[in-house]
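Hi,

Here is the structure I said I would pass on. Have a look at it first, and then read on for what turned up.

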Amino acid sequence: MKNKKKQAIRQNRIDSIMQIVRHHAQIWDTEREILAHKIIDAFYDTQLGNGIGFYEANAHDDYSPDWQMWRSKDERIYWEKILAMVNQNCPYPQQFHPMSAFTFMDNLGRHFALPCYLLWELQGHDYFTSYHLASAYSTNDLPLNKTQQIVLFEFVQFMSHLYQQNADDVNLAEWDKVHAHLSKQFMYFQAV
C-alpha cells in the first residue's frame with residue numbers, strides 16, 4: 001500500500017512538472033515530450049542541499065550584500081519550482097537572469113539547476129545552456145550519476161540533430177563542442 005501511494009505521489013509530481021513545461025514551451029512535440037520525461041525521471045530526487053541556488057547566485061552576480069538573505073529564499077528540494085520562475089514575477093528585486101546564475105552556482109547548485117536548463121532549452125528558451133555545458137568551469141566535478149549522464153547525452157544528441165535539421169551551423173558547432181567536452185568529462189556520457 002505504501003509503495004502505491006509513493007508511486008502516485010511521484011506520478012502526480014511528474015505530471016505537474018510536465019504541465020509546467022508544456023505550458024511555457026514555445027514549441028513542443030512528441031520527441032521533446034519523451035526527452036522531457038527522461039530528464040524529469042533522471043533528476044527527480046536531485047536536491048540543492050547546502051549548495052548555491054538561483055537566488056544566491058543572482059545576488060553574487062549583482063554583488064549584493066544581502067546574498068545570505070537571498071540564500072535563505074532559495075528552493076532546496078523541488079527544482080521544478082524554478083522552472084516557471086522566468087515566466088512569472090520573481091521576488092528577486094532585479095530581473096532574474098538564468099544565463100548568468102549558472103556561473104555563480106557551485107556544483108551542488110548546478111546539479112540542482114541542470115534539469116531546469118535542459119527543460120528550458122527543450123521549451124525553446126536559450127539561456128546559454130550550450131555555453132555552460134561546454135565549459136570545464138561549469139562541469140568539473142558535477143555530481144551526475146550514470147542515468148543523468150546518459151540522459152544528458154540524449155539531450156545533447158537531440159539538440160545537435162535539431163540544429164543539423166535546421167542547417168544552423170553556428171548552433172550545431174556549439175552543441176558539437178558540448179558533445180566533445182562532455183565525452184571527456186563523464187564516464188557514462190555515451191553509454192546508451
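Which residues make the nonpolar surface patch of about 320 Å²? They are Met-99, Phe-128 and Tyr-131. Before you go further, keep in mind that this is a predicted model.

**The patch and its ring pair**

Phe-128 sits in the loop that runs between helix 7 (107-123) and helix 8 (129-133). Its relative accessibility is 41%, so Phe-128 falls in the partly exposed class. Tyr-131, another member of the patch, has a relative accessible area of 54% and is therefore exposed.

**Overall build**

Stepping back, the protein has 11 helices and 0 strands. Written as a pattern along the sequence, that reads α-α-α-α-α-α-α-α-α-α-α. The C-alpha trace spans about 50 × 45 × 35 Å along the principal axes. For 192 residues, a compact globule would be expected to have a radius of gyration near 16 Å, and the protein agrees, with 16 Å. As for burial, 48% of the 192 residues count as buried.

**Aromatic rings**

The count of aromatic pairs comes to 8. One of them joins Phe-102 and Tyr-117, edge-to-face, with 4.9 Å centre to centre and 70° between the planes. Phe-102 is in the loop between helix 6 (98-101) and helix 7, while Tyr-117 is in helix 7 itself, so this pair ties together parts that lie 15 residues apart in sequence. Are the two rings buried or exposed? Phe-102 is buried, at a relative accessible area of 2%, and Tyr-117 is buried too, at 1% relative accessibility.

Phe-128 and Tyr-131, the two patch residues from above, also form a pair: their ring centres are 6.4 Å apart and their planes are at 65°, so this one is edge-to-face as well. If you want to see why the angle decides it, planes over 60 degrees apart count as edge-to-face.

Ring pairs also build a cluster, linking Phe-54, Phe-102, Tyr-117, Trp-120 and Tyr-127. Phe-102 and Tyr-117, the buried pair, both belong to this cluster.

**Charges over rings**

Which charged end sits over the ring of Phe-102? That of Arg-110, at 5.9 Å from the ring centre. So Phe-102 has Arg-110 over its ring and is itself buried, because its relative accessible area is 2%. Elsewhere, Lys-73 lies over the face of Trp-70, and here the distance to the ring centre is 5.9 Å.

**Salt bridges**

Side chains of opposite charge can pair when their charged atoms come close. In this structure there are 8 salt bridges, and three of them are worth pulling up on screen:

- Arg-32 and Asp-29 meet through their side chains at 2.7 Å, N to O. Arg-32 is buried, at 6% relative accessibility, whereas Asp-29 is partly exposed, with a relative accessible area of 31%.
- Lys-81 and Glu-75 form a salt bridge at 3.7 Å, N to O. Lys-81 counts as exposed, because its relative accessibility is 52%.
- Glu-174 and Lys-177 are joined at 3.3 Å, N to O. Both lie in helix 11 (residues 169-185), 3 residues apart, which is about one turn of the helix. Glu-174 is partly exposed, with a relative accessible area of 25%, and Lys-177 is partly exposed at 48% relative accessibility.

If you wonder why Lys-177 is not called exposed, that word is kept for values over 50%, and Lys-177 has 48%.

**A contact across the sequence**

One last item concerns Ile-82, which belongs to helix 5 (residues 80-83). Is Ile-82 buried or exposed? It is buried, with a relative accessible area of 3%. How far apart are Ile-82 and Tyr-117 in space, C-alpha to C-alpha? The distance is 9.9 Å, although the two are 35 residues apart in sequence. Tyr-117 is the residue from the aromatic cluster, and it is buried, at 1% relative accessibility.

Over to you, and shout if anything is unclear.

Cheers

Methods. Residues are numbered from 1 along each chain as its sequence is written. This is a predicted model: local features need pLDDT of at least 70, side-chain atom pairs count only at pLDDT 80 or more; totals for chains, interfaces and linings use all residues. Side-chain values use heavy atoms; hydrogens and water are left out. Patches are made of residues with over 30% relative accessible area and no salt bridge: like charges are joined within 9 Å, nonpolar side chains (Val, Leu, Ile, Met, Phe, Trp, Tyr) within 5 Å. Accessible areas come from the Shrake-Rupley method with a 1.4 Å probe; for residues, only the protein chains shown count as cover. A salt bridge is a side-chain nitrogen of Lys or Arg within 4 Å of a carboxyl oxygen of Asp or Glu. Helices (H or I, at least four residues) and strands (E, at least two) are DSSP runs, numbered from the N terminus. Buried means under 20% relative accessible area, exposed over 50%, partly exposed in between (1.4 Å probe, protein chains only). Rings of Phe, Tyr and Trp (its six-membered ring) pair if their centres lie within 6.5 Å; planes under 30 degrees apart count as stacked, over 60 as edge-to-face and the rest as tilted. A charge sits over a ring if NZ of Lys or CZ of Arg is within 6 Å of the ring centre and within 35 degrees of the ring normal. The radius of gyration is taken over C-alpha atoms; the globule rule is 2.2 Å times the number of residues to the power 0.38.
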